[in-house]
Amino acid sequence: MKIGVIVAMDKELKQLQQLFSSENIIIQKSGIGKVNAAIQTVEMIKQYKPDVIISSGCAGGNGDDINVQDVVVSSQLTYHDVYCGTAIDNSTQYGQVQGLPVRYEADPILLEKALKTGAKPGLIVTGDWFVDSKEKMREIVGHFPEAKAVDMESAAIAQACYIYSVPFISFRVISDIPLRDTDASMYHDFWNTIAENSFLVTKTFIESL
């Protein structure tokens with residue numbers, strides 16, 4: 001099986017590259033944000049034709065049962081910054097790109113295996129906004145109160161994989177809890193003190209495929 005792994009940042013890439021040496025595991029950096037993530041996904045599909053694509057990285061967490069260093073695995077994905085309005089089609093929901101699914105469902109076989117790693121399943125919402133204030137997080141969870149994690153890439157990768165019919169799933173290590181944080185201090189502390197070994201769940205999952 002050929003497995004593609006997409007991360008956003010150099011520090012995430014460095015950690016994952018240290019965990020794998022197989023030629024069948026392709027790890028690439030996309031850069032931050034939805035457009036970068038989508039471009040890299042399409043490039044990966046066309047160049048390597050992976051059987052599976054995994055997004056791995058960090059995210060802000062939401063919910064009483066979510067803490068820093070927990071790993072959230074996507075049961076569903078959508079956008080928190082997409083609104084197509086009701087002028088043409090009043091059935092399109094907030095977060096949905098018109099003509100595409102309301103939510104992108106994780107591949108069920110991949111999700112079943114992911115749950116065996118201890119990752120917490122839930123909705124991941126994506127947008128081009130680094131959430132560094134309680135006010136912004138409250139706005140997002142006002143639309144998606146059930147969201148477990150907020151990131152900047154996963155739903156864009158899911159959309160590209162949906163269009164190209166490639167099984168997809170996302171793992172997100174919780175680096176901060178914006179509703180309990182001030183000035184993203186948790187996020188900076190995460191990278192300064194506890195980020196090491198944060199991607200071992202992703203490693204365990206890949207080894208199970």
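**Exercise 1. Partners of a tyrosine**

Task: Leaving aside neighbours within four places in sequence, find which residues Tyr104 is in contact with.

Solution: Let's start from the list. Tyr104 touches Ser75, Gln76, Leu77, Tyr79, Ala155, Ala158, Gln159 and Tyr162, once its neighbours within four places in sequence are left aside. Keep in mind that you are looking at a predicted model.

Step 1: Place the residue. Tyr104 belongs to strand E5.

Step 2: Place some partners. Strand E4 covers 71–79, and helix H5 covers 154–164. Ser75, Gln76, Leu77 and Tyr79 therefore fall in the range of E4, while Ala155, Ala158, Gln159 and Tyr162 fall in the range of H5.

Step 3: Check one distance. Tyr104 and Ala158 are 54 residues apart along the chain, yet 6.5 Å separates their C-alpha atoms.

Step 4: Decide on burial. Buried means under 20% relative accessible area. Tyr104 has 5%, so this residue counts as buried.

**Exercise 2. A proline in a loop**

Task: Work out where Pro101 lies and which residues Pro101 is in contact with, leaving aside neighbours within four places in sequence.

Solution: Take the location, then the contacts, then a distance.

Step 1: Pro101 sits in the loop that runs between strand E4 (71–79) and strand E5 (104–105).

Step 2: Beyond its neighbours within four places in sequence, Pro101 is in contact with Gln96 and Tyr162. Tyr162 also appears among the partners of Tyr104.

Step 3: Now pick Val68, which is 33 residues from Pro101 in sequence; their C-alpha atoms are 30 Å apart in space.

**Exercise 3. An aromatic pair**

Task: How many aromatic pairs does the structure hold, and is the pair of Phe171 and Phe205 stacked, tilted or edge-to-face?

Solution: Count, then look at one pair closely.

Step 1: There are six aromatic pairs in the structure.

Step 2: In one of them, the ring centres of Phe171 and Phe205 are 4.8 Å apart, and the planes meet at 50°, so this pair is tilted. The reasoning uses two limits: under 30 degrees would be stacked and over 60 edge-to-face.

Step 3: See what the pair joins. Phe171 is in strand E8 (residues 168–176) and Phe205 in helix H7 (residues 200–208), so the pair ties together parts 34 residues apart in sequence.

Step 4: Check how covered the two residues are. Phe171 is buried at a relative accessible area of 1%, and Phe205 is buried at 0%.

Step 5: Look for a cluster too. Tyr83, Tyr94 and Phe144 are linked into one by ring pairs.

**Exercise 4. Positive phi angles**

Task: Are Gln69 and Ser165 buried, partly exposed or exposed, and what is the phi of each?

Solution: Treat the residues one at a time.

Step 1: Gln69 lies in the loop between strand E3 (52–61) and E4. Its phi is near 85°, a positive value in a residue other than glycine.

Step 2: With a relative accessible area of 44%, Gln69 is partly exposed.

Step 3: Ser165 is in the loop between helix H5 (154–164) and E8. Ser165 also has a positive phi, near 60°, and is likewise a residue other than glycine.

Step 4: The relative accessibility of Ser165 is 64%, so Ser165 counts as exposed; the cut-off for this is over 50%.

**Exercise 5. The whole chain**

Task: Does the radius of gyration of the protein chain agree or disagree with that of a compact globule?

Solution: Go from the parts to the overall picture.

Step 1: List the elements. The protein chain has seven helices and eight strands.

Step 2: Compare the radii. For 209 residues, a compact globule would have a radius of gyration near 17 Å; the chain has 16 Å, which agrees.

Step 3: Look at the box. The C-alpha atoms fill roughly 50 × 40 × 30 Å along the principal axes.

Step 4: Look at burial and contacts. Of the 209 residues, 52% count as buried. Among contacts with a separation of 6 or more, 78% come from residues 24 or more positions apart.

Step 5: Finish with the surface and charges. About 9,800 Å² is exposed, with 49% supplied by carbon and sulfur atoms. The chain carries 18 positive and 26 negative side chains, and the centres of these two sets are 3 Å apart.

How values were computed: Residues numbered from 1 in each chain as written. Predicted model: local features only at pLDDT ≥ 70, side-chain atom pairs only at ≥ 80, totals over all residues. Heavy atoms only, no water. Helix = DSSP H or I, 4+ residues; strand = E, 2+ residues; numbered from the N terminus. Rg over C-alpha atoms; globule rule 2.2 N^0.38 Å. Buried < 20%, exposed > 50% of the residue type's maximum accessible area, 1.4 Å probe, protein only. Contact = heavy atoms within 4.5 Å. Areas by Shrake-Rupley, 256 points an atom, 1.4 Å probe, with all protein chains shown as cover. Lys, Arg positive; Asp, Glu negative; His and termini not counted. Charge placed at Lys NZ, Arg CZ, Asp CG, Glu CD. Phe/Tyr/Trp six-rings, centres within 6.5 Å; stacked < 30°, edge-to-face > 60°.
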